[in-house]
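This report considers aromatic ring pairs and model confidence. Please view the structure below before reading on.

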Amino acid sequence: MASMVAGTVASPVQAADSPHLATVTTVRKDADGHPAKMLQFGVYRTEADAWVAWKAVVRRQPDMVADLVPRVSLQRPEIPDSGFVLRAAPLPDLDPNFVCRRIVGGGGSCLVVEADAEKAATPATAVAEDNDHNGVVTYSPDQSREMQEIERQAARLSRIAAIVPGNEARVDIGALKASRWNLCSLTFDDGPHPAVTPRILDILRSEGVRATFFPIGNVAVRHPRIIRRIVQEGHEVGNHSLTHPNMRTLTTEAQRAQIAETNRILAEAGADPVLFRPPAGRWNSDTLKAVEQEKMSPALWNVDTRDWFTRDPGKIMAQIDATGTIGSVVLMHTTYNATAEALPQAIGLLRTRGCRFVTLSEWITSLNSLATPRIAQR
């Protein structure tokens, strides 16, 4: 399929010669369940060129493309030198027409065209992961939108406020540079999964990286050996609730029960959680009260790999490449094979950007030591 710009057809070579062009594709179904539209901006000679173009798009219009998950593929698979198309899978309920208007309004350009007969279905590996019901969570459109909003807010808030709701401390960038602060934290939600989680642990051990896991209580109770291994290998175990509910719909007492019972389950396996990550990042003032009553701290993230949606190693890496840097608290999941496949490369990339990996509690403690309380404006 040739790329279309302003109603004309551009060849792969022409598109590749235009550095401002990229191809961002979203596939969506209309009310009748038929593939509808995609966003199109161009084609590139090489796969590397396509990824460079995506990074440029993210830099120019981060808010405009925040709901897109990129991928690169041959324009025509049967012709190896046909050029590479940069596409981006949509979050649920994403309207390509709205996104295109949003991009154009922000100074970019795009064209909404008919979508290819390209499957947007869940990969077969993901189906296999889901079938055994080992802590694999399917995130609803509402949840997915809120998770992406957390990442957008993180770009506007101080590092601590983005990760720890209710924390009003601010960190001076100069203090970070003076101390050569370079910490990053890998965090894994849900599960534990009996096959994927041990594989992730093997990779972390091989790479010499310590991470933080947030298991679901009613899944962890079936896999105490995995929890024990997480602890024994120097990782941190946090709390991700008992049943993965929307915490906002629960009373303070019910929220505290979700946290307390999970703490009890994890304690029996040798863990001592001090951090609570609300499912899908949904919390309210009652959540903060319940967490405080359990003598814990809430914890979110500032880099979302979107592995929960894409379940594709290349797309996971594209997200990390676009947003990961020193100070990143990376959200991943311990239940997807794609996450395990991407993990060694993700660690390598973040290391080249200067990251030193620590648990999330260590990340928070270190940053707090450099922070100053925010002075209220009168």
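Is W363 buried or exposed? In this predicted model, W363 is buried, its relative accessible area being 1%.

## Aromatic pairs

A pair of aromatic rings is described by the distance of the centres and the angle of the planes. The count of aromatic pairs comes to three. In one of them, W181 and W363 meet edge-to-face, with 5.8 Å from centre to centre and 70° between the planes. The pair ties together parts that are 182 residues apart in sequence, because W181 lies in the loop between α7 (173–178) and β8 (183–189), whereas W363 belongs to helix α16 (residues 360–369). W181 is buried, with a relative accessible area of 10%; W363, at 1%, is buried as well.

Another pair is formed by W308 and F309. Its geometry is tilted, with 6.1 Å centre to centre and 55° between the planes. W308 counts as buried at 4% relative accessibility, whereas F309 is partly exposed, with a relative accessible area of 29%.

## Model confidence

The average pLDDT of the protein is 79, and 77% of the residues score at least 70. Two stretches deserve separate mention. Over residues 1–31 the pLDDT is below 50, and this stretch has 100 contacts in the model beyond near neighbours in sequence. For residues 117–128 the pLDDT is also below 50, with nine contacts in the model beyond near neighbours in sequence.

Where pLDDT is low, the predicted coordinates should not be read in detail.

Conventions: Residues numbered from 1 in each chain as written. Predicted model: local features only at pLDDT ≥ 70, side-chain atom pairs only at ≥ 80, totals over all residues. Heavy atoms only, no water. Phe/Tyr/Trp six-rings, centres within 6.5 Å; stacked < 30°, edge-to-face > 60°. Helix = DSSP H or I, 4+ residues; strand = E, 2+ residues; numbered from the N terminus. Buried < 20%, exposed > 50% of the residue type's maximum accessible area, 1.4 Å probe, protein only. pLDDT = per-residue confidence, 0-100. Contact = heavy atoms within 4.5 Å.
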